[in-house]
Amino acid sequence: MQADATVLLVGATDRTVRKAKDLGLRVLVLQHPERVTQAPCEPADVVRAVDYTDPTALEAAARELWSTTGFTAVVSLTEPGLEGAGLLNDVFSLGGTGLETARCFRDKLAMRRRLAAAGGTAVTVAAAPLTTRRDLDEFADRHGYPFVVKPRNGTGSYGVFRVTGPEAADRAWAAVGALNGHPMARTTMPFSVDGFLMEEYVDGPQFSAESLSFDGRHVVVGITETHLAVDSFAAFSHAMPARLDGADHARVLDATSLFLDAMGLRDGPAHTEFRLSERGPVVIESHNRFGGGAINELVRGAYAIDLETYALGWPFGLVPELSRPPRARNAAAVRFLVGGPGRVESITGVEDARAEPGVLTAEMWVEPGDTVRPVEDSWDRLGLVAATADTSETAVRLAGRVLRDTIRIQVRGEDGVLRPARLAVPDEAQRRPAHGGSAVPVAAAD
């Protein structure tokens, strides 16, 4: 097989490698040493262990593969590998997403500055770097409470705080000091928190646009409605397609294209989160990869499109270009399990859940012996079920029923009492209709 049918993956899962092989590609993988045990990528043709968050080490490993095997495209679908893939696209002049664009997606302050410089998009908010305790007071003086403090390079709502007043600002500043410069705890992400920013808080229901870009033309494959925890930014449910009226649906499509143009993305997937505010869709953040939390499974269940396969196949012309947003064939939803504080004692029913009619996937992220914490971010969730049905309401109910009745995670609490993990229940306030659309009846699913 020639280099023109070879993809270099910066970070990968076994599933990603299998999908690339199913496309007929030769697959080279640069896997982070911390991930080799969990994802050895054995189906790949070549696997090298390298810290791909270290640009020097990454480039050296890639040059060795370039000289011995060659490759046509560099792809990453894991958050810490996106900048590395951008670097290699630039180094080898491959034409994929470059380092500057990848860095603007990963650095949330750079994203805000890029949008402010673009002008006319009306999808951003005021933001500023956070370096001293006084910065918090000055931002509050200019923009008022509440506002948001979050890592510049974080993911999964890790280290994100809603600052509601001076006392909350004190707590946020203490947390910033504890987290900044340290590895992201409780996650699978092999990188450290690198600086914080402040930005205006945006009120309104939350959605995300799951898109594919084809040589600068952006197609929103589907819109996901997301409902968060009561007291954190962790996602507690997803449903697709989102229930939006025609006007709001069109606004999200337009805002997504404007945003991706401003960011300079020309090819591949993106997951762009919005709050639907009184002034329209406002970008919260975005990633030049598909979304986590089984969102790719939702797209597959609702639209029969696999975003991962598209990301791998598009650089080689192995998947058809989408001419317009597809029509939903079905609906799909994700529900999550939470628990704690305590320790996992046992997990049962996962394979039974996967065999249930309509279930797209069941994933558990903990094992017996693991510590369970109160939910502060998405990494504290224990697992999920994604399901498909003829309506979003039915899919929500199905995913919730399977989690409640089939899967059982027993958690030994700090008080010594054994309790089952529970179905995550989102904030009631987030279920209100968005500009005439119908809310997701999550409460009824419980």
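Mentor: Let's start with one idea: two strands count as a pair if DSSP finds at least two bridges between them. Keep in mind, too, that this is a predicted model.

Trainee: Okay, then how many bridges pair strand E16 with E18?

Mentor: Strand E16 covers residues 359-364, and 5 bridges pair it with E18 in the antiparallel sense. To see where they meet, find Val359, which stands opposite Ala387 in E18.

Trainee: And which sense does the pairing of E14 and E18 take?

Mentor: That pairing is antiparallel, with 7 bridges between E18 and strand E14, residues 331-338. Here Ala333 stands opposite Ala387. So you can use Ala387 as a landmark for both pairings.

Trainee: Are the faces of E18 covered or open?

Mentor: For this you need a cut-off: buried means under 20% relative accessible area. In E18, which spans residues 383-389, 7 of 7 residues are buried. Go face by face: one side carries Gly383, Val385, Ala387 and Ala389, the other Leu384, Ala386 and Thr388, and both faces are covered.

Trainee: Let's try a sheet. What is the strand order in the open sheet of 4 strands?

Mentor: Read across, the order is E17-E15-E19-E20, and the pairing is antiparallel. Strands E17 (371-372) and E20 (418-420) are at the edges; each has a single partner strand, so one side of each has no neighbour in the sheet.

Trainee: How many bridges join E15 to E17?

Mentor: There are 2, and the strands run antiparallel, with E15 taking up residues 342-348. Look for Gly342, which stands opposite Val372 in E17. Going back along the chain, the loop between E14 and E15 holds Pro341. The peptide bond joining Gly340 and Pro341 is cis, with omega about 0°.

Trainee: Which other peptide bond is cis, with omega near -10°?

Mentor: That would be the bond from Tyr145 to Pro146. You'll find Pro146 in the loop between H6 and E6.

Trainee: Now helices. What length does H7 reach from its first C-alpha to its last?

Mentor: H7 has 14 residues, 166-179, and reaches 20 Å, close to the 20 Å expected at 1.5 Å a residue. Next, ask which residues are hidden: Ala168, Ala169, Ala172, Ala175, Val176 and Leu179 are buried. Down the axis of H7, these fall within an arc of 125°, so the buried residues line one face of the helix.

Trainee: Which residues are exposed on the other side of H7?

Mentor: There you have Pro166, Glu167, Arg171, Ala174, Gly177 and Ala178. The buried residues, meanwhile, pack against strands E5 (127-130), E6 (147-151), E7 (161-163) and E8 (196-200), plus helix H6 (133-143). Just after H7 comes Gly181, with a positive phi of about 85°.

Trainee: I'd like to try the same reading on H1. Which of its residues are buried?

Mentor: In H1, residues 14-22, they are Thr16, Val17, Lys19 and Ala20. Their arc around the axis of H1 is within 160°, so they too line one face of the helix. They pack against strand E1 (6-10), strand E2 (26-31), H9 and H10. After H1 comes Gly24, again with a positive phi, near 90°.

Trainee: Which residue other than glycine has a positive phi near 50°?

Mentor: That's Ser93, which sits in the loop between helix H3 (82-91) and helix H4 (99-106). Ser93 counts as exposed because its relative accessibility is 66%, and the cut-off for exposed is over 50%. Ala304 isn't a glycine either, and its positive phi is about 60°. Look for Ala304 in the loop between helix H9 (295-303) and H10; with a relative accessible area of 46%, it is partly exposed.

Trainee: Last one: how many cavities of 30 Å³ or more are there?

Mentor: The count comes to 2. Take the second largest, which has about 30 Å³ of space. Its lining is made by Leu212, Ser213, Phe214, Gly268, Tyr310, Ala311 and Trp314. Strand E9 (206-214) and helix H10 (307-313) each give two or more residues to that lining, and the largest share, 3 residues, comes from E9.

How values were computed
Residues numbered from 1 in each chain as written. Predicted model: local features only at pLDDT ≥ 70, side-chain atom pairs only at ≥ 80, totals over all residues. Heavy atoms only, no water. Expected span 1.5 Å × (residues − 1). Buried < 20%, exposed > 50% of the residue type's maximum accessible area, 1.4 Å probe, protein only. Arc of directions from axis to C-beta. Contact = heavy atoms within 4.5 Å. 1 Å grid on protein atoms, 1.4 Å probe; cavity = no way out; pocket = protein on both sides within 12 Å on 5 of 7 lines; lining within 4 Å. Points joined across faces, edges and corners; volume = space filled by probe spheres on them.
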